[in-house]
Amino acid sequence: MCGDTWGGPKPFSEPETQAMRDFLTKNKKQITFVYNFHTAGNQFIIPFNYAAPNEAFAKIPETMGFFKELIYESNLQEDFTIGPAIETIQMYTGGSSGDW
């Protein structure tokens, strides 16, 4: 049942995700922004990875405005792919830490 993309039987069922959840929850007043950068593949993956079609721009416009600004101000290569996981790596992930 396990594989490279298996998310576990339920949210935060794995020790790694529990550790990240606990750290972020404990320190949420000091942490203002968290983002996963995947450096292989020239991809910038945005939230929401649990929904297709992606609803991030409609549901969290302020956050997505920040992503637009970050992408605009970055000096990305022309072949850089920007979007949710289903569009960038052709994988439906069922959610990611960025969605949490």
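Before we start, one cut-off: a residue is buried under 20% relative accessible area, exposed over 50% and partly exposed in between, using a 1.4 Å probe and protein chains only. This is a predicted model, where local features need pLDDT of at least 70, side-chain atom pairs count only at pLDDT 80 or more, and totals for chains, interfaces and linings use all residues. Residues are numbered from 1 along each chain as its sequence is written, and side-chain values use heavy atoms, with hydrogens and water left out.

**Exercise 1. The overall layout**

Task: work out how many helices and strands the chain has, and in which pattern they follow along the sequence.

Solution. Start with the assignment rule: helices (H or I, at least four residues) and strands (E, at least two) are DSSP runs, numbered from the N terminus. That gives four helices and two strands. Reading along the sequence, you get α-β-α-α-β-α. For burial, 22% of the 100 residues count as buried. For contacts (heavy atoms within 4.5 Å), take the pairs at least 6 apart in sequence: 58% of them join residues at least 24 apart.

**Exercise 2. The two sides of α3**

Task: find which residues of α3 are buried and which are exposed.

Solution. First, the geometry. Helix α3 runs over residues 61–73, 13 residues, and its first and last C-alpha atoms are 18 Å apart, close to the 18 Å expected at 1.5 Å a residue. That expected span is 1.5 Å times one less than the number of residues.

Next, the buried set: Met64, Phe67 and Ile71. Those three lie on the same side of α3 because they cover an arc of only 50° around the axis; the arc is taken from the directions from the helix axis to the C-beta atoms. Over on the other side, Glu62, Tyr72 and Glu73 are exposed.

Last, the partners: the buried residues of α3 pack against β1 (43–45), α2 (56–59) and β2 (81–83).

**Exercise 3. The nonpolar core**

Task: list the residues of the largest nonpolar core and say where its largest share comes from.

Solution. Such a core is a set of buried Ala, Val, Leu, Ile, Met, Phe, Trp, Tyr and Cys residues joined through side-chain atoms within 4.5 Å. The largest one has ten members: Tyr35, Phe44, Ile45, Ile46, Phe48, Ala56, Met64, Phe67, Ile71 and Ala85. Both β1 and α3 supply at least two residues each, and the largest share, three residues, comes from α3. As background, nonpolar side chains in soluble globular proteins tend to be buried together.

**Exercise 4. Rings**

Task: classify the one aromatic pair in the structure.

Solution. Rings of Phe, Tyr and Trp (its six-membered ring) pair if their centres lie within 6.5 Å; planes under 30 degrees apart are stacked, over 60 edge-to-face and the rest tilted. Here the rings are those of Phe66 and Phe67, with centres 6.2 Å apart and planes at 65°, so the pair is edge-to-face. Now check burial: Phe66 is partly exposed at 36% relative accessible area, while Phe67 is buried at 4%.

**Exercise 5. Around Phe12**

Task: describe where Phe12 sits and what lies over its face.

Solution. Phe12 belongs to the segment before α1 (15–26). With a relative accessible area of 25%, Phe12 is partly exposed. Arg21 lies over its face, 5.0 Å from the ring centre; the test asks for NZ of Lys or CZ of Arg within 6 Å of the ring centre and within 35 degrees of the ring normal. Then look at the backbone: phi of Phe12 is near 60°, a positive value in a residue other than glycine. Most residues other than glycine have a negative phi.
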